Amino acid sequence: MSVLSKPYFHDEAEAFRFVEAMLWPEGPVCPHCGCTGRTYALQGVRSKATKKNPEGVVRHGLKKCGDCRKQFTVRIGTIFEESHLPLHKWLQAIFLMCASKKGVSAHQLHRTLEVTYKTAWFLAHRIREAMKDGGSTPMGGAGVVLEVDETFLGKQATIFVSGKGWQQRRGTGDMRKIVSLVERGGRARSIHVDSLQKEEMVRAMQTADRASVLNTDQAQHYRRIGKEFADHQSVDHGKDEYVRYDAGALTTTNTVEGFFSIFKRGMKGVYQHCSEQHLHRYLAEFDFRYSNRVALGVDDQERANRALKGVVGKRLTYRSTDERAEATQA
């Protein structure tokens, strides 16, 4: 038996039952008034007739609230709301994105799910929205080693140099800057920053628990903020130092650099292009898979279930994906 042979991946009624069991473990909840005790299912209701479906389509999972008298399904108030895509295809897409270590491109989803590319692209962004953790839970803690490092994505702009022609500018000024916090043996959280100046670094590390042991390289922007932590140790990459043992304590940034390795292989090998306004969603996707990996006891199915539980209250419209202001909410 294949994992994808489960009934809820192919049958719409089973898909609704599965999602309801995950999101309503204690029974249906009316999204309009919050009623939990007086709801009942509506059987045999069909949508309006269309040329494609002259008899209409069965409205699976339709319920009515006994208090406010309004109809609803489990889709309301989630990333599934107002979507014309069958719920069982949503579940297939969630599983594929959660089970693929370096992600699944929108073109691959478009071919696999037999939907348009535009649908697949928007579908993937809404699933990434469900993967976001909100950033409110502190990273690290007493006795936890928190590795922090920065990486750069994209290319430098090209400039015309007299006698040499078009040359790529040196440095990282035009590249997208990302700061990642990784608990050694735990979770990851990545933040897209505008620069590596003090204000931006403080913002990036505002959820880091100051009781943690901080491990970084010797970049100057970590020196001042490192004094706020229980301990701050660094390795000197300029002297080819990548691991150091001091009285049994291990100092390294290899864990966070390993996370960057997975992230960059996915962004360059699978997604290939990412505009800056959507970068925070891609970071949430890679953070989610890393923070719910097999090494932490989370298999593919459980990872997909955790992503499914995150769909509530994260409505994303197609228009909002094109607003640059969204990128500041990472």
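Which residues line the largest cavity? The legends below take up that view and several others of this predicted model.

**Figure 1. The largest cavity and its lining.**
The lining consists of Tyr8, Phe9, Phe18, Leu91, Ile94, Phe95, Gln301, Ala304, Asn305 and Leu308. Two elements, α2 (87-99) and α9 (300-309), give two or more residues each to this lining. The largest share comes from α9, with four residues. The space inside comes to about 60 Å³. Searching the whole structure for cavities of 30 Å³ or more turns up one. Rolling a probe the size of a water molecule over the atoms shows where empty space is left.

**Figure 2. The whole protein, for orientation.**
The C-alpha trace spans about 70 × 55 × 40 Å along its principal axes. Nine helices and twelve strands make up the secondary structure. The protein has 330 residues, and 47% of them are buried.

**Figure 3. The largest pocket.**
This pocket has a volume of about 930 Å³. Its lining counts 23 residues, and Val57, Arg59, Arg75, Ser83 and His84 are the closest to the pocket centre. Helix α1 and strand β3 each supply at least two lining residues.

**Figure 4. A buried salt bridge between Lys63 and Glu20.**
Side chains of opposite charge can pair when their charged atoms come close. Here the side chains of Lys63 and Glu20 meet, with 3.0 Å from N to O. Lys63 sits in strand β2, and Glu20 sits in helix α1 (residues 12-23). The two residues are 43 residues apart, and the pair links distant parts of the chain. Are these partners buried or exposed? Both Lys63 and Glu20 are buried. The structure as a whole has a count of 17 salt bridges.

**Figure 5. Asp133 and Arg189, a salt bridge between a loop and a strand.**
The closest N and O atoms of Asp133 and Arg189 are 3.0 Å apart. Asp133 lies in the loop between α4 (117-131) and β4 (145-153), while Arg189 belongs to strand β8 (residues 188-193). The salt bridge therefore ties together parts that are 56 residues apart in sequence. Asp133 is partly exposed, with a relative accessible area of 48%. Arg189 has 6% relative accessibility, so this residue counts as buried.

**Figure 6. Strand β11 and the surface around Val243.**
Strand β11 covers residues 243-246, and Val243 lies in this strand. Which residues form a nonpolar patch on the surface with Val243? They are Tyr242, Tyr245 and Leu250. Together with Val243 they have about 390 Å² of accessible area. Val243 has 36% relative accessibility, so this residue counts as partly exposed. The view also takes in a salt bridge between the side chains of Arg244 and Asp246, at 2.8 Å from N to O. Arg244 counts as buried because its relative accessibility is 19%, and the cut-off for buried is under 20%. Asp246 is partly exposed, with a relative accessible area of 34%.

**Figure 7. Helix α8, enclosed by the rest of the structure.**
Helix α8 has 13 residues (residues 279-291). At 1.5 Å a residue, this helix should span 18 Å. Its end C-alpha atoms are 18 Å apart, which agrees. Why is α8 described as largely enclosed by the rest of the structure? The reason is that 13 of its 13 residues are buried.

**Figure 8. A network of salt bridges.**
Three residues are linked here: Arg128, Glu285 and Arg289.

**Figure 9. Arg69 and Gln272, two loop residues with positive phi.**
Most residues other than glycine have a negative phi. Arg69 is not a glycine, yet has a positive phi of about 65°. Its place is the loop between β2 (63-65) and β3 (71-72). Arg69 is partly exposed, with a relative accessible area of 47%. Gln272 is not a glycine either, and its phi is positive at about 65°. Gln272 is found in the loop between α7 (254-271) and α8. With a relative accessible area of 62%, Gln272 is exposed.

Technical notes. Residues are numbered from 1 along each chain as its sequence is written. This is a predicted model: local features need pLDDT of at least 70, side-chain atom pairs count only at pLDDT 80 or more; totals for chains, interfaces and linings use all residues. Side-chain values use heavy atoms; hydrogens and water are left out. Patches are made of residues with over 30% relative accessible area and no salt bridge: like charges are joined within 9 Å, nonpolar side chains (Val, Leu, Ile, Met, Phe, Trp, Tyr) within 5 Å. Accessible areas come from the Shrake-Rupley method with a 1.4 Å probe; for residues, only the protein chains shown count as cover. A salt bridge is a side-chain nitrogen of Lys or Arg within 4 Å of a carboxyl oxygen of Asp or Glu. Buried means under 20% relative accessible area, exposed over 50%, partly exposed in between (1.4 Å probe, protein chains only). The expected span of a helix is 1.5 Å times one less than its number of residues. On a 1 Å grid over the protein atoms alone, a cavity is a set of points where a 1.4 Å probe fits but cannot get out, and a pocket is an open set with protein on both sides within 12 Å along at least five of seven lines; lining residues have an atom within 4 Å of a point. Grid points are joined across faces, edges and corners, and a volume is the space filled by probe spheres set on the points.
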